[in-house]
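Visitor: I should like a close look at a single part of this model, followed outward to whatever surrounds it. Please take me through it in one connected account.

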Amino acid sequence: MSSLFVSHININAITNNEFTYDRVKNISDWILNRVDLRPKIAIVCGSGLGGLGERVQDARIFPYEEIPDFPRSTVVGHKGNLIIGKLNHIPVICMQGRFHSYEGYSNALCTLPMKVFKLMGVQTVLLTCAAGGLNQSFKVGDIMLIKDHVAPLLWTLQNPLIGHNDERFGPRFPACNKIYKKNLRDVFHGIAEKKQIELQEGVYSSFGGPCYETVTELRALLQMGVDAVGMSTANEALVASYCGMNVLAIALITNKAVIDYDSENFPFHEEVIETANRRASDLQELVIDFVSKIN
Ligand SMILES: O=P(O)(O)O[C@H]1O[C@H](CO)[C@@H](O)[C@H]1O
Ligand SMILES: Nc1nc2[nH]cnc2c(=O)[nH]1
């Protein structure tokens, strides 16, 4: 992991102590100094959903390795580009690829881009992800708006807000009962209705991965009221909300979570990517309309 160490500083520190305001500002200034646009909307593309980045027009593309102190994307279906341009004539900044704990990154590092967005002046963060469908009425390919999360990693020292708190980012003790903004979900529902695209809404749970869940874990989550399971998004939503940004999060149900002990089915990443690719255009159309409605 030597690429994660810049001089004597460990940017993969578990607590946020290394991600000082000045350090994050340095990254945000680096980006702002290279573009004229000042996006108020940030989009994170989940597994297999990076095609949204290709829809951005007049795009300036920054491969993650060019950005100071930025991690690298290592997962299939995550290209590793930061794109700034216009979607439906609206300035946006788009992450074509996100960071996950299972890549060896701390949650503080995985969520660093949210702090960068905050200092760039972003007001709304739109997160997308691939997830396994636990709700038995969901079908593979369904699109689910996230209304809440259950994220056991965030109950541990892997909570990205642990360490020194700089009030310029957000409060020491942020409330978490309204992370996923209802007014944004309502706007998104309205767009889906007009386009006659069926939309689900539910609770997302995320684990560190890279393994998928056991049958008993999934059954326990079902009892808790969880509808979909993934390995990302909740950490980003937490930090974006802590930073005072509005969050809309969308999970694409790419596979059915297996809750039958005797089933021969099992989740695999190729299926996740294949479903994401198949449903990408509907999701893109919804997002493209959404950005112009909330700008
Ligand atoms: O959450 P995203 O990055 O969309 O992808 C999900 O799909 C991958 C597993 O197939 C994991 O990365 C999981 O988090
Ligand atoms: N944890 C988890 N992540 C996923 N990402 C896509 N599908 C799944 C799944 O079934 N479980």
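**Helix α4 and its surroundings**

Guide: The cover over the buried residues of α4 includes α1, β3 (41–45), β6 (90–96), α3 (107–110), β7 and α7 (234–242). This is a predicted model, and the account below describes it as such. Helix α4 spans residues 112–120, and 8 of its 9 residues are buried, so the helix is largely enclosed by the rest of the structure. The buried residues are L112, P113, M114, K115, V116, F117, K118 and M120. After α4 comes G121, which has a positive phi, near 100°.

One of the covering elements, α1, can be followed through a single residue. I31 is located in helix α1, which covers residues 21–32. Apart from neighbours within four places in sequence, I31 has contacts with I67 and M120. M120 is itself among the buried residues of α4, and I31 therefore provides a contact between α1 and a residue of α4. I31 is also buried, because 20 other C-beta atoms lie within 10 Å and 20 or more is the criterion. Its other partner, I67, stands 36 residues away in sequence, yet the two C-alpha atoms are 7.8 Å apart in space.

A second covering element, β7, leads to the ligands. Ligand 1 is surrounded by 14 residues, of which G46, S47, C129, M231 and S232 are the closest. The elements giving two or more residues to that shell are β7 (124–133) and α8 (269–294). By class, the shell around ligand 1 comprises 5 nonpolar, 8 polar and 1 charged residues.

Strand β7 also takes part in the surroundings of ligand 2. There, 15 residues form the shell, and the closest are A130, G132, V229, G230 and P267. At least two residues each come from β7, β10 (228–230) and β11 (246–256), and β7 gives the most, with 3 residues. The shell around ligand 2 divides into 9 nonpolar, 5 polar and 1 charged residues.

The UniProt record adds two positions to this picture: an unreviewed entry places the feature "binding site" at E213 and N255. These positions are spread over 43 residues of sequence but cluster in space, with a largest C-alpha distance of 12.6 Å.

E213 is found in the loop between β9 (199–206) and α6 (215–224). It counts as buried because 20 C-beta neighbours lie inside 10 Å. Beyond its neighbours within four places in sequence, E213 is in contact with F207, L218, V229 and A257; V229 is also one of the closest residues to ligand 2.

N255 lies in strand β11, one of the elements that supply at least two residues to the shell around ligand 2. N255 is buried, with 22 other C-beta atoms within 10 Å. Its contacts, again leaving aside neighbours within four places in sequence, are G132, V140, P267, E271, V272 and T275. Of these, G132 and P267 are among the closest residues to ligand 2.

Finally, the same unreviewed UniProt entry type places the feature "domain: Nucleoside phosphorylase" at residues 40–291. Over that range the chain is 29% helix and 26% strand, and the end C-alpha atoms are 10 Å apart.

Definitions and conventions:
Residues are numbered from 1 along each chain as its sequence is written. Chains are lettered from A and ligands numbered from 1 in the order in which they are written. This is a predicted model: local features need pLDDT of at least 70, side-chain atom pairs count only at pLDDT 80 or more; totals for chains, interfaces and linings use all residues. A residue is near a molecule or strand if its C-beta atom, placed from the backbone, lies within 6 Å of it. Helices (H or I, at least four residues) and strands (E, at least two) are DSSP runs, numbered from the N terminus. Ala, Val, Leu, Ile, Met, Phe, Trp, Tyr, Cys and Pro count as nonpolar, Asp, Glu, Lys and Arg as charged, and the others, Gly among them, as polar. A residue is buried if 20 or more other C-beta atoms lie within 10 Å of its own, exposed if 12 or fewer, and partly exposed in between; C-beta atoms are placed from the backbone. Two residues are in contact if their C-beta atoms, placed from the backbone, lie within 7 Å. UniProt positions are given in the numbering used here, feature names are shortened, and annotations may be inferred rather than shown by experiment.
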